[in-house]
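Biologist: I have the model open beside me and would like to understand the words used for it. Could we go through them together?

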Amino acid sequence: MDDIGTDHVDEIVEQWAVERPELDSTPLHVIGRISRLSDVIDEQLRPVFAAFGLGDGDFDVLATLRRNGPPFELTPTELAARTMVTSGAVSKRVDRLVGAGLVDRRVSDADGRGRHVRLTGRGQALIDEAYPVHLRNEARLLAGLSAVERDQLAALLRKAGASVDEARVPDMRT
């Protein structure tokens, strides 16, 4: 791995080591960088979505429906689970996309009370055009990493994700 020197997170950890040496501030090396990267990555992804008239949540719904395969439809509950947002957030996103003619809602054949959200032909054409541009943008953001480094990072992030998922929120006052 190339030595790229220190960054802002290193400086923060060093400052805490001076001010509170009895505390282990080293988790900031990971969490601080993930948090910063999340913000920067979101900032770099949004212009691509905007170029297609979409917000990041809109893109997420369209991409989720498209990757689900024919007939490119899911229930709102399935969309919420696969996009990892609340059903209320899915509802707002779907409302916007229905208004734009990119998805439609239909009554479930199996249960007249249930609803399905389906990608329209226009929605499929848009996501099929936007997704390759999105992938090129993501590849651009990771261009400083070799293929091996990307694989290693992906594995470590998967492991970190599992660790975070398994963690329980403790009483933070103790």
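Modeller: Happily, and bear in mind that this is a predicted model. In helix H6 (residues 121-141), the buried residues are Gly123, Leu126, Ile127, Ala130, His134 and Asn137.

Biologist: Why are these residues of H6 called buried?

Modeller: Buried means under 20% relative accessible area, so Gly123, Leu126, Ile127, Ala130, His134 and Asn137 each fall below that cut-off. They pack against helix H2 (27-51), helix H3 (56-67) and S3.

Biologist: What is the span of H6, and what is it set against?

Modeller: H6 has 21 residues and reaches 30 Å from its first C-alpha to its last. The expected span is 1.5 Å times one less than the number of residues, which gives 30 Å here, and the helix comes close to that.

Biologist: How do you know that strands S2 and S3 pair?

Modeller: Pairing needs at least two bridges. Strand S2 (residues 103-107) and S3 have five, in the antiparallel sense, so they qualify. One of the bridge partners is arginine 115 in S3, matched with valine 107.

Biologist: And what joins S1 to S3?

Modeller: Strand S1 (residues 73-74) and strand S3 (residues 115-119) run antiparallel and are joined by two bridges. At least two are required, so this counts as a pair too. Here leucine 74 has valine 117 as its partner in S3.

Biologist: Which residues does leucine 79 touch, leaving out those up to four places away in sequence?

Modeller: Val61, Thr64, Leu65, Leu74, Val90, Val94 and Val117. Contact means heavy atoms within 4.5 Å, so leucine 79 meets that limit with each of them.

Notes:
Residues are numbered from 1 along each chain as its sequence is written. This is a predicted model: local features need pLDDT of at least 70, side-chain atom pairs count only at pLDDT 80 or more; totals for chains, interfaces and linings use all residues. Side-chain values use heavy atoms; hydrogens and water are left out. Helices (H or I, at least four residues) and strands (E, at least two) are DSSP runs, numbered from the N terminus. Buried means under 20% relative accessible area, exposed over 50%, partly exposed in between (1.4 Å probe, protein chains only).
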